[in-house]
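User: Please take a close look at one part of this model, the place where the two chains meet, and set out what is found there in a connected account.

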Amino acid sequence: MEIVYVYLKKRSEFGKQCNFSDRPADLNIDILPNPELAAQFVERNPVDTGTQCSVSMSEHEANTERFEMESRGVNHVEGGWPKDVNPLELEQTIRFRKKVEKDENYINAIMQLGLIMEHCIKQNNAIDIYQEYFDDEEEVEVTEEASSAKTINVFRDPQEIRRTATHLSWHPDGNRKLAVAYSCLDFQRAPVGMSHESYIWDLENPNRPEMALKPSSPLVTLEYNPKDSHVILGGCYNGQIACWDTRKGSLVAELSTIEFSHRDPVYGSIWLQSKTGTECFSASTDGQVMWWDIRKISEPTEVVILDITKKEQLESALGAISLEFEPTLRNPFYPKNFLTVGDWTARIWSEDSRESSIMWTKYHMAYLTDGAWSPVRPAVFFTTKMDGTLDIWDFVFKQSDPALSLKVCDEALFCLRVQDNGCLIACGSQNGTTTLLEVSSGLSTLQRNERNIASSMFERETRREKILEARQKEMRLKEKGKAEGKDDDQRDEELATNLEEMVAQAEKEFFDIVFTELKKKEVEAMAKKTKPKKASLEMDEEVEGDYTGEEEEVSDEKSV
Amino acid sequence: MTEVEETLKRIQSHKGVIGTMVVNAEGIPIRTTLDNSTTVQYAGLLHQLTIKAKSTIRDIDPQNDLTFLRIRSKKHEIMVAPDKEYLLIVIQNPCE
């Protein structure tokens, strides 16, 4: 159907004000019903529709605004005095009291009460009603409650533009305060107008931070001085080191000069346990570790350039991201073993075995960002992941999985700190929210025999690694020897027989593992019919990668 | 009147007793052996607590009544003997 309606307006009239006038309705188009179209429809009989006889209601949810509370004290004044007596005037009060004492009721009452009271006082003096009678008996082991952790408090970044909470530090005395460093870690993507401030929170008051620290560039890391709880050290995004005294205020007390500072953000800083209590280290991704004295913070006392092969703490960075000197990542009970967190696993290393870690977790789905030992239990450590979960590992209880895995928030968790008593954990997330969790007592009190069990585990794993290392060295030596002495047949033979045995054994073990993995994968990939063969091929390579110890031997054999 | 004095003196002289005070129904301390600010504090707080305790007992069983209130803390024990109009409060350090 062609319908055309033309609107006309003169060019000279464009922009002219509208003069509306009334006119009767004008029929422009009349489209009559077309009965032929009815043939395209089928009548439905009976029609099925649901009805309800009850009252129709709708459900709504409303989230109330956060209720802000503040604690205040109230000052009481003496009250209860009758109107004619002024409590401040001594004469009047004495007069009032004397009057009361003459009252007969008073005398009787006191006599009565005095009697009862004396009875109880004498009772108290006679026996101790709280005496512990069964002290000598051993404590019966209480049935263990399931380990749990619950969120106590959440501290939100009061700034509008969200920043990541990159580092946390507990106050050294009493642990009532928490210092959190906020910065945006995306390279050069920090939004304009983002505040540089970092905050100190008091645990009792989650609505407002107790104090703000104002550096010139956002802080990436933050540490309380363990000797002097008023001094805080901070590492900035632009590589400088800054120092605050919380008594003096929010502005920086000392700042290092730009020329002598790091070239990259300072990712790790830590105080030294020195006599003066004023020395600290800082590390950054530019590969340097600097040693500072805060009394003279304009330039570092010493600079150390880091190589990748030495002292790598996180395997994912070229420079140092976390500093480990004296117990931070080291197990506080066994200083020879330390925990590293990097790529997608957490590994425990022992100083004795340098080639590989003695224990490690399986590869996770999400990237691990931070880890910490529990200061109370030697076999417990915590890790945080990019998907917002906090894992608590207890390898006396279970080695393959975390003992407890908690989803703390939806964004990635960046940092984690355990309080000294082992009960409270604070973790900081990508949008600046710091969550405070309390761990159940089962995970934060030392179990009987735990030290022995943990130490025996560590030793066992260390020994295993040592044996593997020794084996590898042997193989390599033999390889070398064989390559050099080609005309030494006897050695060849010996090697051959030895090698064959080893090959056979290694192959057997290798294929065992492959088959178990294969079975698992087949069960999983039942739906994908074309994939099983492909999966097994892929998996061969994958398992080879996983199987660190024996794999080297096998490849040696294959090259022979 | 002297009997009252004697009674109170005797109570005060018992082993471990730190302080004694008599408070009336409005919470005004009539007689005390401690300093004024402490007395006022104890009087105000214990008065309210005694009323609450009494009403608790009466709520559970209207025939019942509060005869004595003992609060044991880490440092000492506070004993309150209530009456219709007055309260006798004694703070004692139980010897163990």
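Analyst: Helix α1 (residues 90-101) of chain A lies across β2 and β5 of chain B and runs at about 85 degrees to β2(B); contact here stands for heavy atoms within 4.5 Å, and angles, which run from 0 to 180 degrees, are taken between N-to-C directions of axes fitted to C-alpha atoms, for helices over the stretch in contact. Helices (H or I, at least four residues) and strands (E, at least two) are DSSP runs, numbered from the N terminus. This is a predicted model, in which local features need pLDDT of at least 70 and side-chain atom pairs count only at pLDDT 80 or more, whereas totals for chains, interfaces and linings use all residues. Residues are numbered from 1 along each chain as its sequence is written, chains are lettered from A and ligands numbered from 1 in the order in which they are written, and side-chain values use heavy atoms, with hydrogens and water left out.

The strands that this helix crosses belong to an open, antiparallel sheet of five strands in chain B, in the order β2-β1-β5-β4-β3, where two strands pair if DSSP finds at least two bridges between them. Because β2 and β3 of chain B stand at the edges with a single partner strand each, one side of each is left without a neighbour in the sheet. From one strand to the next the twist averages 15 degrees. At the β3 edge, β3(B) and β4(B) are joined in the antiparallel sense over four bridges, and Arg70(B) stands opposite Met79(B) in β4(B). Chain B also has a helix of its own on these strands: α1(B) lies across β1, β2 and β5 of chain B, at about 145 degrees to β1(B).

Taken as a whole, the contact draws 36 residues from chain B and 30 residues from chain A. The two chains bury about 3100 Å² between them, 64% of it on carbon and sulfur atoms, buried area being the accessible area (1.4 Å probe) that two parts lose on being put together, summed over both.

Two salt bridges are found across the interface, a salt bridge being a side-chain nitrogen of Lys or Arg within 4 Å of a carboxyl oxygen of Asp or Glu. The side chains of Arg31(B) and Glu101(A) form such a bridge, at 3.8 Å from N to O. Twelve residue pairs, with both residues at pLDDT 80 or more, are in polar contact between chain B and chain A; a polar contact is a pair of N or O atoms within 3.5 Å, and within protein one must be able to donate a hydrogen and the other to accept it, while residues adjacent in sequence count only if both atoms are side-chain atoms.

On the side of chain B that touches chain A, the elements giving two or more residues include α1 (2-13), β2 (29-32), α2 (36-60) and β5 (86-92) of chain B. The largest share, six residues, comes from α1(B). By class, this side has 21 nonpolar, four polar and eleven charged residues, where Ala, Val, Leu, Ile, Met, Phe, Trp, Tyr, Cys and Pro count as nonpolar, Asp, Glu, Lys and Arg as charged, and the others, Gly among them, as polar.
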